[in-house]
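Welcome! Please take a look at the sequence and the model below, and then follow along section by section.

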Amino acid sequence: MHLTTFADLGLRSLMMLGDLPEGDRCTIADLAKATNASDNHLARVIAKLVDMNMVVSVRGRNGGVYLSDSARGASVGRILRELEGPSEVVDCTGDKPCPLAARNCALRHRLADAQEAFFAELDGDTIDGLIAATRPVGTRTSEDAHGTSRSLGLPTVPLNTQ
């Protein structure tokens with residue numbers, strides 16, 4: 001299973017926003033820089049998260065975005081289903097349709113089942129749980145020295161908040 005960049009940025013943004021001190025906000029530009037994304041792409045992701053009531057956006061001089069109260073307990077599987085949309089793992093009917101699609105191909109159904117199993121595995125995880133299980137910024141382990149520890153995308157520099 002491979003997540004779209006859109007869904008990946010959505011989850012990372014939720015985790016970073018959830019890691020902000022209470023009452024702080026983050027600009028989309030700072031969040032884009034921290035996630036190595038373009039401002040425009042991240043703005044689309046944030047707009048979707050606002051529509052999903054996961055993020056609150058405040059306009060103006062002291063504006064920015066922050067995690068909504070309900071987002072911390074939200075199911076990661078549910079969030080991913082909504083961010084990924086109704087797309088299938090393989091496109092059997094696109095520009096070059098597969099000849100097996102008309103024959104009710106078993107592979108297409110098995111891949112759809114596997115995709116749902118992937119999301120279901122994450123249904124019990126919450127954004128708050130992911131944040132809690134992620135090492136704080138600036139901490140290192142012996143794995144880091146050997147290059148085997150992977151970052152979940154939390155910023156290595158503090159975000160400018162207002």
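## Overall fold

Reading along the sequence, you meet the elements of the protein chain in the order α-α-α-β-β-α-α-α-α. That gives 7 helices and 2 strands, where helices (H or I, at least four residues) and strands (E, at least two) are DSSP runs, numbered from the N terminus. This is a predicted model, in which local features need pLDDT of at least 70 and side-chain atom pairs count only at pLDDT 80 or more, while totals for chains, interfaces and linings use all residues. Residues are numbered from 1 along each chain as its sequence is written, and side-chain values use heavy atoms, with hydrogens and water left out.

Of the 162 residues in the protein chain, 30% are buried. Here buried means under 20% relative accessible area, exposed means over 50%, and partly exposed is in between (1.4 Å probe, protein chains only). Contacts (heavy atoms within 4.5 Å) also tell a story: among those between residues at least 6 apart in sequence, 68% join residues at least 24 apart.

## Two helices that cross

Two packed helices are described by the angle between their axes and the distance between the axes. For helix α1 (residues 5-18) and helix α4 (residues 76-84), the axes come within 9 Å and cross at roughly 140°. Axes are lines fitted to C-alpha atoms, for helices over the stretch in contact, and angles run from 0 to 180 degrees between N-to-C directions. α1 and α4 are therefore oblique to each other, as angles under 35 degrees count as roughly parallel, over 145 as roughly antiparallel, 65 to 115 as roughly perpendicular and the rest as oblique.

On the α1 side, the contact is made by F6, A7, G10, L11 and L14. Their partners on α4 are V76, I79, L80, L83 and E84.

## A buried serine

S13 also belongs to helix α1. Is S13 buried or exposed? With a relative accessible area of 0%, S13 is buried. Leaving aside its neighbours within four places in sequence, S13 touches L31, L42, I46 and L49.

## Cysteines without a bond

How many disulfides are there? The count is 0, a disulfide being a pair of cysteine sulfur atoms within 2.5 Å. For C105, the closest cysteine sulfur is in C98, and at 5.8 Å it is too far for a bond. C105 is buried, with a relative accessible area of 15%, whereas C98 counts as partly exposed at 29% relative accessibility.
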